[in-house]
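User: Please take one part of this model and look at it closely. Start from a single residue and work outwards to whatever surrounds it.

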Amino acid sequence: MALRNIVTLGDPILNKKSRKVEVFDDRLATLIDDMKDTMYNDNGVGLAAVQVGILKRVVVIDIGDGVMELVNPEIVSQEGEQISQEGCLSLPGKWGTTKRPQKVKVKAQDRNGKWQVFTGEDLKAKAFCHEIDHLDGIIFTSHIIEGETLHES
């Protein structure tokens, strides 16, 4: 396992759509393990493969209750609304007030290709939305509430 460099805002890869994972092999497992190490090293709660320069639909999330590995994730339902602060490892030291769903259900494959369903509320719902947005080339700043701005910590 190794730490990977996190791509920061301004790199055009962050605006590209990631490709579906078709091959579930050792290379995918290594990518997932490296992403977990990188996320933890940078004190994040989530990381998408595009953030380490790989255009594959792979996400890791850990809000403190154990890591989730999501391959080819899709949001299948969402409900409610939450307004909260949001940041991103690709925009170090910056945050904004965003509007996201309160509860989200996600369908994804694991590193071996087996389909699973996850439900998340509050921070986990926000993390699902944030990381899946990355796979579609969307940065959290597009969800900043009208009238609000990007802040620096």
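Analyst:
**A close look at Thr98**

Thr98 sits in strand β5. The model is predicted, and side-chain atom pairs count only at pLDDT 80 or more. Thr98 has a relative accessibility of 0%, so it counts as buried, the cut-off being under 20%. Its side chain has a polar partner: a contact of 2.6 Å links it to the side chain of Glu86. Beyond four places in sequence, Thr98 touches Gln82, Ile83, Ser84 and Glu86. Phe140, His143, Ile144 and Ile145 are in contact with Thr98 too.

Gly96 belongs to β5 as well. Its relative accessibility is 0%, and it therefore counts as buried. Outside its sequence neighbours within four places, Gly96 contacts Ser84, Gln85 and Glu86. Phe140, Ile144, Thr149 and Leu150 complete that set of contacts. Gly96 also has a distant residue in sequence to compare with: Ile145 lies 49 residues away along the chain, yet the C-alpha to C-alpha distance is 8.2 Å.

Now the sheet around these two residues. Three strands form an open sheet in the order β4-β5-β8, and their pairing is antiparallel. β4 (82-87) and β8 (151-152) are its edges. Each has a single partner strand, so one side of each lacks a neighbour in the sheet. Strand β5 covers residues 94-100, and 2 bridges join it to β8 in the antiparallel sense. Within that pairing, Lys94 has Glu152 of β8 as its bridge partner. Helix α2 packs on this sheet and touches β4 and β5. Its direction makes about 55° with that of β4.

Follow α2 and a second sheet comes into view. Here 5 strands form an open, antiparallel sheet, ordered β1-β2-β3-β6-β7. β1 and β7 (115-121) are the edge strands, each pairing on one side only. From one strand to the next, the twist averages 35°. Inside the sheet, 6 bridges tie β3 to β6, again antiparallel. One residue pair there is Glu79 with its bridge partner Lys103 in β6. Helix α1 (residues 26-41) packs on the sheet against β1, β2 and β3. The α1 direction makes about 40° with that of β2. α2 packs on the sheet too, touching β1, β2, β3, β6 and β7. Its angle to β7 is about 125°. So, where does α2 turn up? In contact with β4 and β5 of the three-stranded sheet, and with β1, β2, β3, β6 and β7 here.

Next, the nonpolar packing. The largest nonpolar core has 25 residues, and Ile61, Leu70 and Phe128 touch the most other members. At least two residues each come from β2 (58-61), β3 (68-79), β6 (103-109) and α2 (123-135). The largest share is that of α2, with 6 residues. A second, separate core holds 14 residues, among them Val21, Met39, Val52 and Val60. In soluble globular proteins, nonpolar side chains tend to be buried together.

Ile61 shows the surroundings in detail. Past four places in sequence, it touches Met39, Val45, Gly46, Gly66, Val67, Met68 and Leu70. Ala127, Phe128 and Glu131 are further contacts of Ile61.

A polar residue is worth a stop as well. Gln51 lies in the loop between β1 (46-48) and β2. Its relative accessibility is 1%, so Gln51 counts as buried. Not counting residues up to four places away, Gln51 is in contact with Asn5, Ile6, Val7, Leu14 and Gly46. The set continues with Cys88, Leu89, Ser90, Glu131 and His134. Glu131 thus appears among the contacts of Gln51 and of Ile61.

That brings in the cysteines. How many disulfides are there? The count is 0. The closest cysteine sulfur to that of Cys88 belongs to Cys129, and it is 14 Å away, too far for a bond. A disulfide would need the two sulfurs within 2.5 Å. Buried or exposed? Cys88 is buried at a relative accessible area of 11%, and Cys129 counts as buried at 5%.

Back to the starting point. Thr98 is buried at 0% relative accessibility, and its side chain holds a 2.6 Å polar contact with that of Glu86.

Note on methods
Residues numbered from 1 in each chain as written. Predicted model: local features only at pLDDT ≥ 70, side-chain atom pairs only at ≥ 80, totals over all residues. Heavy atoms only, no water. Core = buried A, V, L, I, M, F, W, Y, C linked by side-chain atoms within 4.5 Å. Buried < 20%, exposed > 50% of the residue type's maximum accessible area, 1.4 Å probe, protein only. Helix = DSSP H or I, 4+ residues; strand = E, 2+ residues; numbered from the N terminus. Contact = heavy atoms within 4.5 Å. Pairing = 2+ DSSP bridges. Axes fitted to C-alpha atoms, helices over the stretch in contact; angles between N-to-C directions. Polar contact = N/O pair within 3.5 Å; in protein donor to acceptor, adjacent residues only side chain to side chain.
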